[in-house]
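Please open the model in your viewer with a cartoon representation and keep the selection panel at hand. The tour below moves from one selection to the next and says what is to be found at each stop.

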Amino acid sequence: MSETSKFQAIVVIPTYNEAMNIEGIIRAAWAAMPKLHVLVVDDNSKDGTADIIRRMQSEHPEKLFLLSRAGKLGLGTAYIAGFNWALERKYSALVEMDADFSHDPKELPSLIRSLQDADVVIGSRYVVGGSTENWNFFRKLISRAGSFYARSILGMTINDLTGGFNAWTAESLHKIGLNTIRSEGYSFQIELKYRAFLAGCKLIEHPIVFSERREGQSKMSSKIVFEALLRVWSLRFQSNRKS
Ligand SMILES: Nc1nc2c(ncn2[C@@H]2O[C@H](COP(=O)(O)OP(=O)(O)OP(=O)(O)O)[C@@H](O)[C@H]2O)c(=O)[nH]1
Ligand SMILES: [Mg+2]
C-alpha cells in the first residue's frame, strides 16, 4: 500500500465542490508518495468533483477510492464514514487532508513516518517551524484564539487543536470509538484530539505551513465557529461525567 515504513497508509480527503482542486491535490500526494492510497469522501458535489475521481479511477483503480454520499452532511461525518471505510479494510495509518491545497502533500511522508513514535501526529501551525500563509487578521485570530480557548478549557497541552492535517494509527481510532463522535464542523477536529487524549493516546505535533485555499469557495461559516465554541464546553462536561 504505502511505501513508508511499516504502515499501510491511506489519506482521506473530504470534498464538497472541489473540482478545481481535487485532481491536482491527488497528483501532488502521489508525487510525494507514489503508492499512497487515497479515499475521497464526496457529498454529491454539484461541480463534478466525483466525475473527476471516477475518471482518475479508471487510470489508477488500485490506489484511488471514492465514497459518495447523498448530500452535504458535514466534514465530521464525512471523516467518520471515510475512517470506518478504511478501518474495515485494515489500513494501519489514516491521514486527514483538505482538498484545497491548504495542506502541503509533501508533508505526508513525514506525518506518516512520525506515527512510529506516537498514536496521533498533529500537523501543527503553532509549534516552531509551523505557520499560516495568506490568512487575514481575523482568520488568524479565530484560529489562534480557538485553539487557546479549547486547550484552556480541555486541559490539553497541544498548541493546534483545530487543524485538519493529522495522522492516526488504526488503534487510536479504535480506542476513541468513532461512532460516539458527535461534532460536525471545526469542533470535529477538536473532539477527535480530545477523545484521543482522554483515551490515553500519545499525541505529538509536527510543524506544518498552512496556506489559504487555492481555488473554490470557502465553506467556513459563523455557524461552524459557533458550534465549536459551545461544543468545547459540552466535551468538557461529558468527560467530567465519565470520570
Ligand atoms: N464531504 C464533505 N466535505 C466537506 C464538507 N465541508 C467541507 N468539506 C471539505 O473539507 C475540506 C475542508 O473544508 P474547507 O471548506 O476547506 O474548510 P476551511 O479550510 O475551514 O475553510 P475554507 O478553506 O475557507 O473553505 C475541504 O476539502 C472541503 O471540500 C462536507 O460537508 N462534506
Ligand atoms: Mg480550506
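## Starting in the sheet

Select strand β1 (residues 9-15) together with β2, and you will find the two paired in the parallel sense over 6 bridges. The path of the chain from β1 to β2 passes through helix α1 (residues 22-32), and this β-α-β crossover is right-handed. For a residue-level view of the pairing, show Val11, whose bridge partner in β2 is Val38. Bear in mind throughout that this is a predicted model.

Stay with strand β2 (residues 37-42) and colour it by accessibility: 6 of its 6 residues are buried, so the strand is largely enclosed by the rest of the structure. With side chains displayed, His37, Leu39 and Val41 point one way from β2, whereas Val38, Val40 and Asp42 point the other way, and all are buried.

Next add strand β3 (residues 64-68), which pairs with β2 in the parallel sense over 5 bridges. Here Leu39 has Phe65 of β3 as its bridge partner. Adding helix α2 (residues 49-59) to the selection completes a right-handed β-α-β unit made of β2, α2 and β3.

## Across to β4 and β7

Return to β1 and select strand β4: the two run parallel and are joined by 4 bridges, with Ala9 having Ala93 of β4 as its bridge partner. Strand β4 (residues 93-96) is covered on both faces, since Ala93 and Val95 on one side and Leu94 and Glu96 on the other are all buried. In which sense do β4 and strand β7 pair? Extending the selection to β7 (residues 166-169) shows an antiparallel pairing with β4 over 3 bridges, in which Leu94 stands opposite Trp168 of β7.

## Aromatic rings and charges over rings

Now hide the cartoon and show the aromatic side chains, among which the structure holds 8 aromatic pairs. Centre on Trp85 and Tyr91, whose ring centres lie 6.4 Å apart with their planes at 20°, so the pair is stacked. Both partners lie inside the fold by accessibility: Trp85 is buried, with a relative accessible area of 13%, and Tyr91 is buried as well, with a value of 4%. Adding Phe65, the residue already met as the bridge partner of Leu39, shows a cluster in which ring pairs link Phe65, Trp85 and Tyr91.

Two further rings can be selected with a charged residue over the face. Lys72 lies over the face of Tyr16, at 5.3 Å from the ring centre, and Arg125 lies over the face of Phe210, at 5.1 Å from the ring centre.

From Arg125 and Phe210, move to Thr132, which is found in strand β6 (residues 131-133) and counts as buried at 17% relative accessibility. Apart from its neighbours within four places in sequence, Thr132 is in contact with Arg125, Tyr126, Lys140 and Phe210, and a selection of these residues therefore brings both members of the pair just described into one view with Thr132.

## Loops with a positive phi

Most residues other than glycine have a negative phi, and two loop residues are worth selecting with this in mind. Asn17, in the loop between β1 and α1, has a positive phi of about 55° although it is not a glycine, and it counts as partly exposed at 26% relative accessibility. Phe101, in the loop between β4 and α4 (108-113), has a phi near 70°, again positive in a residue other than glycine, but Phe101 is buried, with a relative accessible area of 16%.

## The last helix and the whole chain

Select helix α8 (residues 222-242) and pick out Leu229 within it, a residue that counts as partly exposed at 36% relative accessibility. Draw a distance from its C-alpha atom to that of Gly146: the two residues are 83 apart along the chain, and their C-alpha atoms are separated by 7.7 Å.

Finally, zoom out to the whole chain, which has 8 helices and 9 strands and whose C-alpha trace spans about 50 × 35 × 35 Å along its principal axes. Its radius of gyration is 17 Å, which agrees with the value near 18 Å for a compact globule of 243 residues. Of these 243 residues, 55% count as buried, and among contacts between residues at least 6 apart in sequence, 80% join residues at least 24 apart.

How values were computed: Residues are numbered from 1 along each chain as its sequence is written. Chains are lettered from A and ligands numbered from 1 in the order in which they are written. Side-chain values use heavy atoms; hydrogens and water are left out. Rings of Phe, Tyr and Trp (its six-membered ring) pair if their centres lie within 6.5 Å; planes under 30 degrees apart count as stacked, over 60 as edge-to-face and the rest as tilted. Buried means under 20% relative accessible area, exposed over 50%, partly exposed in between (1.4 Å probe, protein chains only). A charge sits over a ring if NZ of Lys or CZ of Arg is within 6 Å of the ring centre and within 35 degrees of the ring normal. Contact means heavy atoms within 4.5 Å. Two strands pair if DSSP finds at least two bridges between them. A crossover is right-handed if, with the strands pointing away from the viewer, the path from the first strand over the helix to the second runs clockwise. The radius of gyration is taken over C-alpha atoms; the globule rule is 2.2 Å times the number of residues to the power 0.38.
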